[in-house]
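This briefing concerns the protein model shown below. It is arranged by topic and begins with the ligand site.

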Amino acid sequence: MPFPIHRPRRLRSSEAMRSLVRETRLTPSQFILPLFVCPGEGVRREISAMPGNYQLSIDEFVKECEEIHSLGIGGVILFGLPESKDEEASGAYDDNGIVQRAVRAVKSAVPKLLVMTDVCNCEYTSHGHCGKIIDGDVDNDTTLEWLAAGALSHARAGADIVAPSDMMDGRVAAIRKKLDAGGFTNVPILSYAAKFASVFYGPFREAAESAPQFGDRRSYQMDPANGREAMREIALDLEEGADMIMVKPAMPYLDLIARARDRFDVPIAAYQVSGEFSMIMAAAHNGWIDQERAMLESLTSIRRAGADFILTYFAKPAARVL
Ligand code: PBG
């Protein structure tokens with residue numbers, strides 16, 4: 001009989017004791033902060049459902065990155081709001097596009113800050129879908145060309161890591177081939193390998209102005225019911241040459257982060273998405289939950305499940321308390 005010999009509470013008796021045996025720790029270097037870059041100058045427009053997050057013009061974005069770097073945060077991931085959108089997502093792969101200009105600006109002002117770019121077309125198409133529309137659906141193989149061109153333009157601008165988030169088949173191979181041919185053999189690919197068609201992206205689509213104008217993304221993003229398929233998506237992306245993989249969203253998919261951790265010996269990222277952030281902020285705003293504790297507990301749970309690093313809108317407030 002284990003009890004009364006075994007008393008697990010002995011190791012919980014003080015903060016010093018708990019800290020000694022703590023299995024999972026958070027450090028700011030494990031956080032990546034998503035940022036939204038928009039046209040103009042001096043623009044700092046708060047996103048209503050995401051308090052503390054802004055659409056930033058390039059000058060404001062550079063200031064933000066200086067602060068992020070000084071907080072010891074691991075890096076940033078960029079999303080762009082282009083001047084104009086069209087059927088061909090031309091702003092996504094324009095060397096003078098909003099993200100490409102922002103990358104050049106931050107890389108010259110804060111060269112040591114790790115800069116990732118989200119590679120996708122939905123912010124740049126007039127219809128809000130992630131690629132070329134043919135017969136009412138996104139055409140996979142034309143879209144691959146846009147994505148590869150986008151990734152190459154980001155690398156040329158100086159991006160440290162490119163992160164495709166579109167969920168087309170074969171995009172990792174297409175991007176790897178294009179980067180290598182362009183001389184960027186050393187730029188890693190972080191693949192949003194297991195990305196689900198999730199309701200929790202709602203606030204992001206306001207932030208990035210990228211909501212689809214018709215239909216939804218279920219013909220390319222994954223069905224939330226499918227865990228085995230997520231493992232298959234990850235395996236395929238690794239075969240195609242992904243250096244790191246991501247599970248997204250994070251908290252509703254902790255089981256898949258844990259399964260991926262068991263199966264794949266590559267760095268695993270998790271994206272605590274906009275809706276996950278907004279739910280905590282809304283509950284805290286109403287006095288229903290303690291914001292700081294909810295933030296730290298949610299981030300800890302994602303790390304405990306097996307994520308090496310977390311894309312999170314809490315990067316700044318979490319770095320400040322750690
Ligand atoms: C672009 C993209 C999206 C998110 C990251 N990259 C939106 C979408 O797929 O609709 C969501 C991020 C968030 O909710 O915080 N495809």
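In this predicted model, 17 residues surround the ligand (each with a heavy atom within 4 Å of it), and Lys-195, Arg-205, Lys-248, Ser-274 and Tyr-313 come nearest. Residues are numbered from 1 along each chain as its sequence is written. Local features need pLDDT of at least 70 and side-chain atom pairs count only at pLDDT 80 or more, while totals for chains, interfaces and linings use all residues, and side-chain values use heavy atoms, with hydrogens and water left out.

**Polar contacts with the ligand**

- A polar contact is a pair of N or O atoms within 3.5 Å; within protein, one must be able to donate a hydrogen and the other to accept it, and residues adjacent in sequence count only if both atoms are side-chain atoms.
- The side chain of Gln-221 places an N or O atom 2.8 Å from an oxygen atom of the ligand.
- An N or O atom in the side chain of Asp-118 is 3.4 Å from a nitrogen atom of the ligand.
- For Ser-165, a polar side-chain atom lies 3.4 Å from a nitrogen atom of the ligand.

**Surroundings of Ser-274**

- Ser-274 belongs to helix α9, residues 274-285 (helices are DSSP runs of H or I with at least four residues, strands are runs of E with at least two, and both are numbered from the N terminus).
- With a relative accessible area of 1%, Ser-274 is buried (buried means under 20%, exposed over 50%, partly exposed in between, using a 1.4 Å probe and protein chains only).
- Leaving out residues up to four places away in sequence, Ser-274 is in contact (heavy atoms within 4.5 Å) with Met-50, Phe-200, Tyr-201, Gly-202, Pro-203, Phe-204 and Tyr-313.
- The side chain of Ser-274 reaches the backbone nitrogen of Phe-204 at 3.0 Å, and a polar atom of that side chain lies 3.3 Å from the backbone oxygen of Phe-200.

**Nonpolar core**

- The largest nonpolar core (buried Ala, Val, Leu, Ile, Met, Phe, Trp, Tyr and Cys residues joined through side-chain atoms within 4.5 Å) has 105 residues.
- Phe-36, Phe-61, Leu-78, Leu-190, Tyr-271 and Leu-311 have the most contacts inside this core.
- Strand β1, residues 31-38, gives the most to the core, with 7 residues.
- Beyond its neighbours within four places in sequence, Phe-36 has contacts that include Ile-47, Tyr-54, Phe-79, Phe-204 and Tyr-313.

**Packing of α8 with α10**

- The axes of helix α8 (residues 254-263) and helix α10 (residues 291-305) come within 8 Å and cross at roughly 35°; axes are lines fitted to C-alpha atoms over the stretch in contact, and angles run from 0 to 180 degrees between N-to-C directions.
- Leu-254, Ile-257, Ala-258 and Arg-261 in α8 make contact with Ser-301, Ile-302 and Ala-305 in α10.

**Backbone geometry**

- Most residues other than glycine have a negative phi, and most peptide bonds are trans.
- The peptide bond between Lys-248 and Pro-249 is cis, with omega about -10°, and Pro-249 sits in the loop between β10 (244-248) and α8.
- Another cis peptide bond runs from Phe-3 to Pro-4, with omega near 10°; Pro-4 is in the segment before α1 (15-20).
- Asp-135 has a positive phi near 50° in the loop between β6 (132-134) and β7 (137-139), and Asp-135 is exposed at 78% relative accessible area.
- Glu-209 also has a positive phi, of about 50°, and lies in the loop between α6 (202-207) and α7 (228-240); at 45% relative accessibility, Glu-209 is partly exposed.
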